[in-house]
Amino acid sequence: ATPTSIMVGTGRAAELGVLFRRGDALQSLSNVQTVALDKTGTLTQGRPELTDLTVTDGFEEADVLLLVASVEATSEHPIAAAILRRAEQDGLSLAPVEEFNSVTGYGVSAVIEGRKVLVGADRFMIREGIALDDVEDVGMKLGQAGKTPLYAAIDGRLAAIIAVSDPIKPSTAEAISALHALGLKVAMITGDNHATANAIAATLGIDTVVSEVLPEGKVAAIQKLQAGDRKVAFVGDGINDAPALAHADVGVAIGTGTDVAIEAADVVLMSGDLKGVVNALHISRRTMRNIH
Ligand code: ADP
Ligand code: MG
């Protein structure tokens, strides 16, 4: 493409709210064969709601929610915000915590009035030696419904199974159909558990799912999608998406996401609407096809 056609292309993209931070991204994007999408905040709104809370025998719902919310008060994860909103709705006042610890991709823990409280994914409970046998089916059902199951343990015993649900953005389904119509494969990369990720992917017709990925594993997930010299674009919004955005053949950040993601990206979508990815692809192909 000529410098003029690149200018025309990036100008047209800007009118549609798609900013090309690098001129050669227009060319790289036209060669992309797979579009990989982060789940939380990219495919979904990134604002989960607490939908289920079931306590095990011997525990009171209000007590458990108070302890769980108190631990989550220190966490910055969107799941924490969902739990805190519910505690606030129930009029609970939080307790002071000691020894707060956050294990990325697993969950959080703290000591409250001498009681050790853990909240997180099944793999967090298993790592901490909490038996989940009695609730395996419940967790599986929640996952199959596209909800994220979480577990709370108090003093070494399972106290509750909790679920949060993060609504899919209204623009997501149409954008995925449009990507398929362009002949592209669509992948999803997430730290969420396999059952939940597969359920969401199935409703959206996503071709490849990479789930239970730790933040440092996102680059490896992109590398796997790049096998056989396939060109991969990655779309993400979070701090932990930055390495994958930098590593992908084209990194696309959601403008409403974190600054770290935007800095690492080649292309920035001004809104959270995934139509922007489709527009960017159309423009790149048109620019590269028309003028050589
Ligand atoms: P994602 O951004 O895809 O949700 P994360 O790596 O942030 O991936 O989280 C992966 C999983 O770890 C979550 O789905 C949840 O099960 C668990 N987790 C992480 N942080 C918390 C937290 N503050 N409270 C409860 N669970 C958490
Ligand atoms: Mg995200």
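**A six-stranded sheet, two domains and a ligand between them**

Strands S4 (residues 98–103) and S5 run antiparallel and are joined by 4 bridges. This is a predicted model, and the pairing just described is a handy place to start reading it. Val103 sits opposite Gly107 of S5. The two strands make a hairpin with 3 residues between them, and one residue of that turn, Gly105, takes a positive phi of about 80°. Gly105 turns up again further on, at the ligand.

On to the next pairing: S5 and S6 are also antiparallel, joined by 6 bridges. Here Val111 faces Lys116 in S6. Again there's a hairpin, this one with 2 residues between the strands, and Glu113 in the turn has a positive phi of about 45°. As for S5 itself, the strand is mostly covered, with 5 of its 6 residues buried.

Zooming out, these strands belong to an open sheet of 6 strands, ordered S3-S8-S7-S6-S5-S4 and paired antiparallel. Strand S3 (49–55) and S4 are the edges, each pairing on one side only. From one strand to the next the twist averages 15°. At the S3 end of the order, 6 bridges hold S3 and strand S8 (residues 157–165) in antiparallel pairing, and Val55 has Ala160 in S8 as its bridge partner. Helix H4 (residues 61–72) packs on this sheet and touches S3, S5, S6, S7 and S8. The direction of H4 makes about 75° with that of S6.

Next, the domains. The chain splits into domain 1 (3–45 + 168–290) and domain 2 (49–165), with their C-alpha centres 32 Å apart. Contact between the two involves 11 residues from domain 1 and 12 residues from domain 2. On the domain 1 side, the largest share, 5 residues, comes from helix H9 (residues 194–204). By residue type, that side of domain 1 breaks down into 5 nonpolar, 5 polar and 1 charged.

Where does ligand 1 lie relative to the two domains? Both domain 1 and domain 2 give residues to the shell around ligand 1, so the ligand lies between them. There are 20 residues around ligand 1, and Ser75, His77, Gly105, Ala121 and Gly191 come nearest. That brings back Gly105, the residue with positive phi in the S4–S5 turn. Several elements supply at least two shell residues each: helix H3 (39–43), helix H5 (78–89), strand S5 (107–112), strand S6 (115–120) and strand S7 (148–154). In character, the shell is a mix of 8 nonpolar, 9 polar and 3 charged residues.

Finally, a look at one residue of domain 1 (3–45 + 168–290), Ile176, which is part of helix H8 (residues 172–181). Is Ile176 buried or exposed? Ile176 has 24 C-beta neighbours inside 10 Å, so this residue counts as buried, given that the cut-off for buried is 20 or more. Setting aside neighbours within four places in sequence, the contacts of Ile176 are Val186, Leu204, Gly205 and Ile206. Of these, Leu204 falls in helix H9 (residues 194–204), the helix that gives the largest share of the domain 1 side touching domain 2. Asp90, by contrast, is far along the chain and in space: Ile176 and Asp90 are 86 residues apart in sequence and 38 Å apart, C-alpha to C-alpha.

Key:
Residues numbered from 1 in each chain as written. Chains lettered and ligands numbered in written order. Predicted model: local features only at pLDDT ≥ 70, side-chain atom pairs only at ≥ 80, totals over all residues. Near = placed C-beta within 6 Å. Nonpolar A, V, L, I, M, F, W, Y, C, P; charged D, E, K, R; others polar. Domains from an automatic or database assignment. Buried ≥ 20, exposed ≤ 12 C-beta atoms within 10 Å, placed from the backbone. Contact = placed C-beta atoms within 7 Å. Pairing = 2+ DSSP bridges. Axes fitted to C-alpha atoms, helices over the stretch in contact; angles between N-to-C directions.
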